[in-house]
Each structure stands twice: as C-alpha cells, then as structure tokens.
Amino acid sequence: MGHTDKKLAVALIQADIEIGSPKANKTRLSEMMEQAVQGNPKPDLLVLPEMWNTGYALEQIHEIADPEGEDTRRFLSSFARMHGVMIVGGSAAVKKKGRIFNTMYAFDRSGRQIGEYSKLHLFRLMDEEKHLTAGDEPVKLDLEGFAAGASICYDIRFPELARSLALGGAKMLIVPAEWPHPRLHHWRTLLTARAIENQMYVIACNRVGSSRGTDFFGHSLIIDPWGEIVAEGGETEEIVTGVISPELVDEVRGRIPVFADRRPEVYSDKK
Ligand SMILES: NC(=O)CCC(=O)C(=O)O
C-alpha cells in the first residue's frame with residue numbers, strides 16, 4: 001500500500017433512506033452526491049451510509065437485495081468515473097450465492113473497484129443475524145496512498161478490529177452506519193475512542209430519518225487522530241465535509257508512541 005502526505009477533502013452523504021425502495025434510494029443518493037461534488041473544495045472522497053439500497057427491510061431482503069452487487073457497483077463506479085471522485089459506497093444488501101451480505105464497495109477516481117468488505121459483526125438488536133451472513137475478513141483500502149480500514153456500524157463495538165487494521169497500516173477508519181436513538185452517546189463515545197486509541201481518523205457516515213418506529217439520528221462525524229471533532233452532522237439530511245491529513249496521524253503517533261508501547265505478549269486474547 002502506498003504512502004502519501006496529500007490531504008483529502010471528504011464528504012459524507014448523510015441521507016434519509018426509504019425502507020425497501022432501492023430505486024428511490026439510488027435517486028436520492030445521486031442527487032446528494034451531485035450536490036456534494038459541487039462543493040468547494042471539491043471532495044476527493046465520498047462516503048455513503050450503511051444498507052442504503054434497502055434499509056432494514058429484512059423480511060423481504062431476499063427479494064430486494066442486489067444480486068452480486070452488480071447494480072450497486074455499476075452505479076457507484078460510473079459516478080466515480082464521471083466526477084473523478086473516490087467513493088466508499090457505504091454498504092448495500094447484496095445477494096451472493098443465495099445468501100445476503102451487508103457489503104461495502106470502494107472505487108477509485110477512474111471508477112475501478114478497489115475493495116469489497118462485508119460486515120463482520122451482525123447486530124442482533126436489529127435482527128441482522130436472522131437474515132444476513134457475516135463476512136469473514138478485515139479489509140484495508142488504499143485511498144491514493146492514505147490507508148483506510150473498513151468497518152460497518154456495529155463493528156465499532158469491537159476495538160480489536162480497528163486495532164488490527166491500524167496495526168496493518170490503516171490511518172483512518174471508515175464507518176458507514178444506520179445507528180439509531182437512543183444510543184447517540186455510544187456512537188460518539190465509541191467513534192472517539194477508536195480515533196484516540198488508534199491515533200487514526202474516524203470517518204463515520206450515519207443515516208437520518210425514521211423507519212418503522214426507529215429514529216436514526218445522523219451525527220455523521222469526522223474525528224481526527226487526537227480525538228478532536230473536525231465536522232459533525234445534525235439530525236436531518238446534509239452533506240458533512242472536512243479535510244483530513246495523513247501528516248497529523250504521523251505527528252500524533254510520534255507524540256504518544258502507543259504502538260511502540262503495546263505489550264501484546266501480556267494481554268493478547270488470554271483467557
Ligand atoms: N446497524 C447497526 O449495526 C446498528 C448498531 C447499533 O445501533 C449499536 O448500538 O451498536
């Protein structure tokens with residue numbers, strides 16, 4: 001994976017999602033993505049929310065999930081190519097060999113797919129484990145030399161994942177989400193903790209809106225490796241923007257050498 005000192009302008013598409021309506025969601029997201037790329041500075045990277053094609057329409061997910069992610073990939077790839085922007089496409093419900101995954105696809109500015117990640121930890125409180133299959137491997141993305149770890153929503157409750165991605169070279173963690181009230185405190189605290197403990201950027205795009213009695217609060221966040229909030233969304237649709245710098249990661253890691261001071265031989269997964 002390359003190395004860069006280049007700053008990246010990031011735009012998070014904090015959209016509402018219509019449950020069970022991939023077509024309507026694609027239309028709404030493209031409107032917001034079009035608006036985002038008109039921004040000044042023009043974003044280098046767009047990040048979308050979790051399960052943006054279907055929402056949590058789990059009882060009909062076999063009928064509406066995207067077969068092999070083909071439609072999702074075509075849409076994201078052509079937008080990336082047309083606008084010369086990198087995209088981490090949140091996640092979509094994708095049907096692969098009869099099973100449904102919660103899958104992220106990422107693209108470079110030419111529209112070439114540069115990664116695919118399926119959510120590792122399924123969230124029982126929203127019945128994911130009854131309808132979805134978990135992925136089984138962590139994934140890093142090379143965003144023009146700025147290494148990013150992939151993570152989806154509930155995954156942030158497992159600090160081991162972010163830590164292993166950071167140990168593997170990730171300087172930011174990307175987190176698409178559908179995270180609802182009343183757990184705003186958990187959302188902000190866990191994301192901030194992942195940023196501080198791993199001295200990495202956390203780029204988290206949450207949806208807004210209500211769906212079958214569940215209220216999603218937005219508060220998409222860009223948090224720097226010192227734990228400071230670069231940008232935070234409100235509770236309605238918006239594009240949340242910020243500029244991130246790999247140099248700041250190196251500076252923070254140099255100031256407090258957490259990685260050099262680890263003692264994994266003492267505490268690594270011992271019973
Ligand atoms: N979609 C999700 O994974 C939701 C996770 C969540 O709300 C949590 O509290 O964890």
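This report describes a predicted model of one protein chain with a ligand, from its annotated domain to selected backbone details.

**Domain and ligand surroundings**

The UniProt record, an unreviewed entry, places the feature "domain: CN hydrolase" at residues 8-246. Over residues 8-246, helix accounts for 26% of the chain and strand for 33%. The C-alpha atoms at the two ends of this stretch are 9 Å apart.

The ligand is surrounded by Glu50, Phe123, Met126, Cys153, Tyr154, Arg157, Glu178, Trp179, Pro180, Arg183 and His186. Sorted by class, this shell holds six nonpolar, four charged and one polar residue.

**Nonpolar core**

In soluble globular proteins, nonpolar side chains tend to be buried together. In this model, the largest nonpolar core has 80 residues, and those touching the most other members are Ile13, Val47 and Val202. Strand β6 (residues 99-107) supplies the largest share of this core, namely six residues.

Val47 illustrates how such a residue draws on separate parts of the sequence. With residues up to four places away in sequence not counted, Val47 touches Val10, Leu12, Ile13, Val88, Gly90, Ile174, Pro176, Ile203 and Cys205. One of these partners, Ile13, is itself among the residues that touch the most other core members.

**Strand pairing around β5**

Strand β5 (residues 92-96) pairs with strand β3 (residues 66-67) in the parallel sense, over two bridges. Within this pairing, Asp66 stands opposite Val94 of β5. Strand β5 also pairs with β6, here in the antiparallel sense and over five bridges. In that arrangement Ala92 stands opposite Thr103 of β6. The hairpin of β5 and β6 has two residues between the strands, and Lys97 in this hairpin takes a positive phi near 45 degrees.

**Ala134 and its surroundings**

Ala134 is placed in the loop between α4 (128-131) and β8 (140-143). Is Ala134 buried, exposed or partly exposed? Ala134 counts as partly exposed because it has 13 C-beta neighbours inside 10 Å, whereas a buried residue would need 20 or more. Apart from neighbours within four places in sequence, Ala134 is in contact with Lys119, Leu120, His121 and Leu122. Thr103 lies 31 residues from Ala134 along the chain, and the C-alpha atoms of the two are separated by 9.5 Å.

**Backbone details in loops**

Two cis peptide bonds and two residues with positive phi are listed below.

| Site | Backbone feature | Value |
|---|---|---|
| Asn40 and Pro41 | cis peptide bond | omega about 5 degrees |
| His181 to Pro182 | cis peptide bond | omega near 10 degrees |
| Glu68 | positive phi | phi about 55 degrees |
| Asp127 | positive phi | phi about 65 degrees |

The loop between α1 (22-37) and β2 (45-47) contains Pro41, while Pro182 is found in the loop between β10 (172-177) and α6 (184-198).

Glu68 has its positive phi although it is not a glycine, and it lies in the loop between β3 and α3 (70-83). Asp127, likewise not a glycine, is found in the loop between β7 (113-118) and α4.

How are Glu68 and Asp127 classed by their C-beta neighbours? Glu68 counts as exposed because it has 12 such neighbours inside 10 Å, and a residue with 12 or fewer falls in that class. Asp127 has 13 C-beta neighbours inside 10 Å and therefore counts as partly exposed.

Note on methods. Residues numbered from 1 in each chain as written. Predicted model: local features only at pLDDT ≥ 70, side-chain atom pairs only at ≥ 80, totals over all residues. Near = placed C-beta within 6 Å. Nonpolar A, V, L, I, M, F, W, Y, C, P; charged D, E, K, R; others polar. Core = buried A, V, L, I, M, F, W, Y, C linked by C-beta atoms within 7 Å. Helix = DSSP H or I, 4+ residues; strand = E, 2+ residues; numbered from the N terminus. Contact = placed C-beta atoms within 7 Å. UniProt positions renumbered as here; feature names shortened; annotations may be inferred. Pairing = 2+ DSSP bridges.
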